[in-house]
Structures are given as structure tokens and as C-alpha cells.
Amino acid sequence: MKSRIPVVLLACGSFNPITNMHLRLFEVARDHLHQTGTYQVIGGIISPVSDNYKKKDLAAAHHRVAMVRLALQTSDWIRVDPWESEQAQWTETVKVLRHHHSELLRYLPQEEGRGQGRAVSPAPAAVPELKLLCGADILKTFQTPNLWKDEHIQEIVEKFGLVCVGRAGHDLKGYISDSPILQRCQHNILLVREPVQNDISATYIRRALGHGQSVKYLLPDAVIAYIKDHNLYSTGSSWKGSSAPNSEGETS
């Protein structure tokens with residue numbers, strides 16, 4: 001795959017808590033990109049939102065980051081990045097993409113032999129593309145008035161690119177055709193079909209945990225143990241908030 005375009009997938013969201021379905025998005029997306037014959041996925045990044053997102057029932061950022069880190073113990077290509085979760089203010093998705101893109105550029109191997117007379121420099125390493133990985137629900141939120149800024153949608157799709165994994169009940173092509181911005185940039189939107197449809201959400205899991213019900217096989221065992229050890233999502237937990245989200249579509 002040496003001639004393919006290197007890609008890093010970035011998923012933003014609450015991850016409250018991270019579920020097996022969040023992890024499946026990465027695996028399904030990577031398979032799809034490899035099957036196009038154009039891309040080689042070289043990494044994945046999970047970026048949990050900060051506490052200042054002020055979403056109802058949002059566990060503290062350090063807990064959510066810790067749970068993601070535990071969930072990724074068995075992955076050799078996805079990592080959690082705490083930068084967004086540590087910001088003093090809620091950070092718009094496009095700014096998170098800009099940050100991670102600049103980080104990718106900063107850590108590219110430098111050309112060797114520069115300024116050494118006749119030494120020949122090797123070809124510069126290909127700059128990886130950073131694409132936003134999301135579920136169908138996020139693509140749908142692009143249509144919600146005043147939720148996303150048009151210029152942000154434009155930059156996300158045109159400059160970076162979007163990899164969207166389908167879900168039962170969502171018409172991805174319809175969402176694109178209904179948006180002039182998405183229509184113009186649809187060449188940079190990759191639609192991925194999830195062969196194993198599953199409607200399990202973090203919202204359902206929080207509710208089940210609150211009622212003392214089992215969530216085994218929906219979350220990694222290490223995450224379930226962490227939730228139990230720290231008494232998260234149970235009725236009467238002290239971390240619960242009550243504010244509405246700021247803006248933009250985040251995963252639950």
C-alpha cells in the first residue's frame with residue numbers, strides 16, 4: 001500500500017461512556033478506505049469533549065478519557081488524545097481538526113541531507129490526510145439550523161474530509177443532496193455501510209446503568225469495571241449536570 005494516500009481518522013464526541021459501537025466505527029471505516037484502493041489508514045484518534053460542553057449527564061472529562069484509554073488497550077492503531085478534553089472552553093469541531101492537522105505536520109519526518117552539499121535528500125514523506133469520522137446522526141445534524149456554522153461545515157468537508165458510517169433509519173445520500181455545501185464537496189465525503197446494524201447508544205447504556213441493568217458485551221469489560229469502581233452513571237451519582245449542549249453535533 002506504499003502508493004496509497006495515508007489517512008488518520010479523528011472522532012470527536014462525548015464518549016460518555018465509550019461503547020463497542022464507537023470502536024466499530026473505526027474498524028468499519030478503515031476496512032472501507034482500504035477497499036477503495038486509494039487510502040491507507042495509518043492511525044485513529046478519539047477526542048473526548050471537555051467538561052465545558054455542558055451536556056446533561058456528562059461524566060467528568062478525566063473519567064471519559066480514562067475509559068477510552070482502557071477501551072483501546074487491545075487496539076494497535078487507535079489512541080485517545082486528551083487535548084480537547086483539557087481545554088478551558090468548549091472547542092468547536094473544526095478547531096479540533098485544525099489542531100490535530102498541525103500536530104500531524106509537526107511530527108512528519110524531516111528531510112535529511114539538507115544543507116550538506118551534494119547529499120541527496122530522500123523524497124519527503126507524504127502528508128497524511130486527517131478525516132473526521134462520524135456516524136449518520138452527525139451528518140444529519142448539519143441540517144439543523146444554527147447548530148453548525150456554514151463556513152465550518154465547508155472547511156471540515158472541503159479541507160479535511162468526512163468518513164460517515166451509516167446507520168439504520170438514516171438516508172446519508174439524502175442528507176447530502178439536501179445540503180448545497182455537502183453537494184459541492186461530496187467528492188470528499190466517504191459513505192460507509194455498517195454490515196452489522198446496531199441501535200445501541202451511550203444514552204441507552206447510561207439509562208441501563210442507572211437502573212442497575214447489565215451492559216456486558218456492550219462495553220469493554222475494563223470500562224465496565226472502571227464505571228463500577230468510580231460509581232459512574234448510577235442513580236444519585238454526584239457528577240451529573242443539567243445544562244444543555246453548547247452547539248454542534250457530538251456523539252452521545
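Colleague: Does V127 count as buried, partly exposed or exposed, and what is its relative accessibility?

Modeller: This is a predicted model, in which local features need pLDDT of at least 70, side-chain atom pairs count only at pLDDT 80 or more, and totals for chains, interfaces and linings use all residues. Residues are numbered from 1 along each chain as its sequence is written, and side-chain values use heavy atoms, with hydrogens and water left out. Buried means under 20% relative accessible area, exposed over 50% and partly exposed in between, for a 1.4 Å probe and protein chains only. V127 therefore counts as partly exposed, its relative accessibility being 42%.

Colleague: Which residues does V127 touch, not counting residues up to four places away in sequence?

Modeller: V127 lies in the loop between α3 (93–106) and β4 (129–135); helices (H or I, at least four residues) and strands (E, at least two) are DSSP runs, numbered from the N terminus. V127 is 121 residues from P6 in sequence, yet their C-alpha atoms are 7.3 Å apart. With contact taken as heavy atoms within 4.5 Å, the residues that V127 touches are P6, L105 and L108.

Colleague: Which elements do the buried residues of α2 pack against?

Modeller: Helix α2 (residues 61–71) is mostly covered, with eight of its eleven residues buried. Those buried residues are A61, H63, R64, V65, A66, M67, V68 and A71. They pack against α1 (20–35), β2 (39–48), β3 (78–80) and α9 (221–229).

Colleague: Which residues touch the most other members of the largest nonpolar core?

Modeller: A nonpolar core is a set of buried Ala, Val, Leu, Ile, Met, Phe, Trp, Tyr and Cys residues joined through side-chain atoms within 4.5 Å. The largest such core has 39 residues, and the members with the most contacts to other members are L9 and I46.

Colleague: Which element gives the most to this core?

Modeller: The contacts of L9, not counting residues up to four places away in sequence, include F26, A29 and L33. Six residues of the core come from one element, and that element is α1.

Colleague: Why is C164 not bonded to C134?

Modeller: A disulfide is a covalent bond between the sulfur atoms of two cysteines. Here it is counted as a pair of cysteine sulfur atoms within 2.5 Å, and a search of the whole structure finds zero. C164 is buried at 0% relative accessibility. Its sulfur is too far for a bond because the closest cysteine sulfur, in C134, lies at 4.0 Å.

Colleague: How are the rings of F142 and W148 arranged?

Modeller: Rings of Phe, Tyr and Trp (its six-membered ring) pair if their centres lie within 6.5 Å; planes under 30 degrees apart count as stacked, over 60 as edge-to-face and the rest as tilted. The whole structure has three aromatic pairs, and both F142 and W148 are buried. Their ring centres are 4.8 Å apart and their planes stand at 90°, so the pair is edge-to-face.

Colleague: Which residues do shared salt bridges join into one network with E92?

Modeller: A salt bridge is a side-chain nitrogen of Lys or Arg within 4 Å of a carboxyl oxygen of Asp or Glu, and the search finds eleven. E92 bridges K95, with the closest N and O atoms 3.3 Å apart, and also K149, at 3.3 Å from N to O. The pair of K149 and E92 links distant parts of the chain, 57 residues apart. Through shared partners, E92 is joined into one network with K95 and K149.
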